[in-house]
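I am opening a fresh notebook page for this one. Come along as I look things up, one entry at a time.

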Amino acid sequence: MPEFQSDFLNVLHERGFIHQGTDLGALDEAAANGTITAYIGFDATADSLHAGSLVQIMMLYWLQQTGHRPIVLMGGGTTKVGDPSGKDAQRKLLTPADIESNIAGIKRAFSPFLTFGEGETDAVMVNNDEWLSGLKYVDFLRDFGVHFTINRMLTFDSVKLRLDREQPLTFLEFNYMLMQAYDFFELNERYGCTLQMGGSDQWGNIVNGVELCRRVAAVEGGKARDVFGLTTPLLTTSSGKKMGKTENGAVWLNADRLSPYDYWQYWRNTEDADVGMMLRRFTTLPRDEVRRLEALQGAEINDAKKVLATEVTALMHGRDAANAAAETARQTFEQGGAADDLPTVSVDAAILSRGMPLFEPFRELGLVASLSEGRRHIKAGALKVNDEALAEERTLTEGDLRNGKIKLSIGKKKHGLVVVAS
C-alpha cells in the first residue's frame, strides 16, 4: 500500500479513488506543501447528474476537506460539441437554451457537498462557454492545434473504440479533446489550477490537457508548468452493471427527478459484495466504522446496507430526508405497512368506482414498464395488491382501499401507493 505525504492523496487512496496519475509523487509533494486547485468537468447533457457522477463529486468533496480548492467546470461550451468517450454514436446536439436549463438543474447537486465562496479553499463554479464560444477558430488552430498530432489522437480510447467498431466519428466530436485540453490551459491561466481529475475513460483527454499546458509554456519560453492528471476507476457493480443505472433508468441526484425514498432504496439494494466499496467511496464514515460494517456476514449485511443507504441519502438530501426514507422502508418491509412516504399516484374516486385498469398505476409508479411485464409478474406470483399476490389480472376498485390507500408491490422491494385525490 503506497504511503503519501498529503492528506488528500492518502484519503483518495484509502477510499479507492485512484486509478492513474501523471506524476503522483510530484502531485503528492505539491498537495503536502501547499494549497492546490483542481477541477472536474461536467457536461450539461441532462438537467440532473446521476449516481455515477458521485465518484467525481466525492473527489471534489475530499479535495476541499483536506485543505484544497475545487473548481466545478460546467461544460456549457463542450456540451455543444459532445464528448465521444464511451459512445458508439454522436450525442444529441442540444440548443443553447437546453444547455442553460440543464446547467441550472445540475448546479443543485453540488451545494450539499461543497462550500462555495471567495476563500482560499472555497469552491468555484465556472462555465467553459465563457472562453470556448469566443474563440476565433483559425487563431485557435494556429495557436493550439500545432500541439496535437492526429497520430496520437487516434490512439486514445474515445476515438479508437469508435473506429474499431466502424461507428462514425464526426469532425465535430474529434475537436472535443482539443477543447477539453484547452479548458485545462484556461483554468491554469485564470485560477492557477494545476490538477484535472476525472474517470479513467477521460485519461486521454486529461493527458492532452497536461501536455498542452507544458508545451505552451515551453513555446513561450517559460518554465514548464507543474500540472497533473488523476483518474478514478470506472465504477461497476460486482455483477458487472454500470454504476447509477437501474432497470427503470438513471438514478438521478435531484429530488425532482428521483425521490429521496427511491434514492435510499437504490443504495439499500446494493449487492453484498459491493457494500464495503460503496461505504468507502460514497459516505464520510470513519475507516474503522467502514471496516466494521463491511465485515458483517449473513443477514447482518442488511444492517450495513441500511447504514449505507441512510448515509448516502443524508449527504445528498439531508439527514431528515434520509431518516424519513429509512423509516418508510422499515414500516413497509418490516411491519408490512404502507408508509405515506412511498411513491404515490392520485386517482379520482369516480375512476375507482367504475374500476381502474390494473397496470395503469403500476406503470405510473414505475413498478412495471409494460403490460407484458406486469403479466409476467402475475405468473411469477410477484405482483401484489395490499400485500396479496394476484393470480390473474383484474381491475382496482373502491373495495381495495385500506385507510384511503391501495398498496401496490412487485416482489419484496418495489412498492407504491394509490390514493384517492382530494
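**Entry 1: where to be careful.** I started with the weak spot: over residues 86–90 the pLDDT stays under 50. For that stretch I found ten contacts in the model beyond four places in sequence. I am working with a predicted model, and where pLDDT is low, the predicted coordinates should not be read in detail. Across the protein chain I noted an average pLDDT of 86, with 83% of the residues scoring at least 70.

**Entry 2: the whole chain.** I looked up the secondary structure next and got 19 helices and 13 strands for the protein chain. The chain has 422 residues, and 50% of them count as buried. I also checked how far along the sequence the contacts reach. Taking contacts with a separation of 6 or more, I see that 72% are between residues 24 or more positions apart.

**Entry 3: two helices side by side.** How do helix H13 and helix H15 cross? I picked out H13 at residues 275–282 and H15 at residues 301–317. Their axes come within 10 Å and cross at roughly 25°. Angles under 35 degrees count as roughly parallel, so that is the word for H13 and H15. I wrote down the crossing as left-handed.

Then I listed who makes the contact. From H13 there are Val275, Met278, Leu279 and Phe282. H15 brings Ile301, Ala304, Lys305, Leu308, Val312 and Leu315. Sorted by class, this contact has nine nonpolar residues, no polar ones and one charged residue.

**Entry 4: what surrounds H13.** I stayed with H13 and asked myself how many of its residues are buried. Seven of its eight residues are, so H13 is largely enclosed by the rest of the structure. My list of the buried ones reads Val275, Gly276, Met277, Met278, Leu279, Arg281 and Phe282. The cover over these residues includes H15 once more, along with helix H3 (54–65), helix H12 (260–268) and helix H14 (287–294).

**Entry 5: a look at Leu352.** I found Leu352 in helix H17, which covers residues 349–354. Is Leu352 buried or exposed? Its relative accessibility is 1%, so I put Leu352 down as buried. Leaving out residues up to four places away in sequence, I see Leu352 touching Val347, Leu396, Thr397, Glu398, Leu401, Ile406 and Val420. I also checked Leu352 against Gly399, 47 residues apart along the chain. The C-alpha atoms of this pair are separated by 8.7 Å.

Note on methods: Residues are numbered from 1 along each chain as its sequence is written. This is a predicted model: local features need pLDDT of at least 70, side-chain atom pairs count only at pLDDT 80 or more; totals for chains, interfaces and linings use all residues. Side-chain values use heavy atoms; hydrogens and water are left out. Axes are lines fitted to C-alpha atoms, for helices over the stretch in contact, and angles run from 0 to 180 degrees between N-to-C directions. Helices (H or I, at least four residues) and strands (E, at least two) are DSSP runs, numbered from the N terminus. Angles under 35 degrees count as roughly parallel, over 145 as roughly antiparallel, 65 to 115 as roughly perpendicular and the rest as oblique. A crossing is left-handed if the near helix is turned anticlockwise from the far one by less than a right angle, and right-handed if clockwise. Contact means heavy atoms within 4.5 Å. Ala, Val, Leu, Ile, Met, Phe, Trp, Tyr, Cys and Pro count as nonpolar, Asp, Glu, Lys and Arg as charged, and the others, Gly among them, as polar. Buried means under 20% relative accessible area, exposed over 50%, partly exposed in between (1.4 Å probe, protein chains only). pLDDT is the predictor's confidence in each residue, from 0 to 100.
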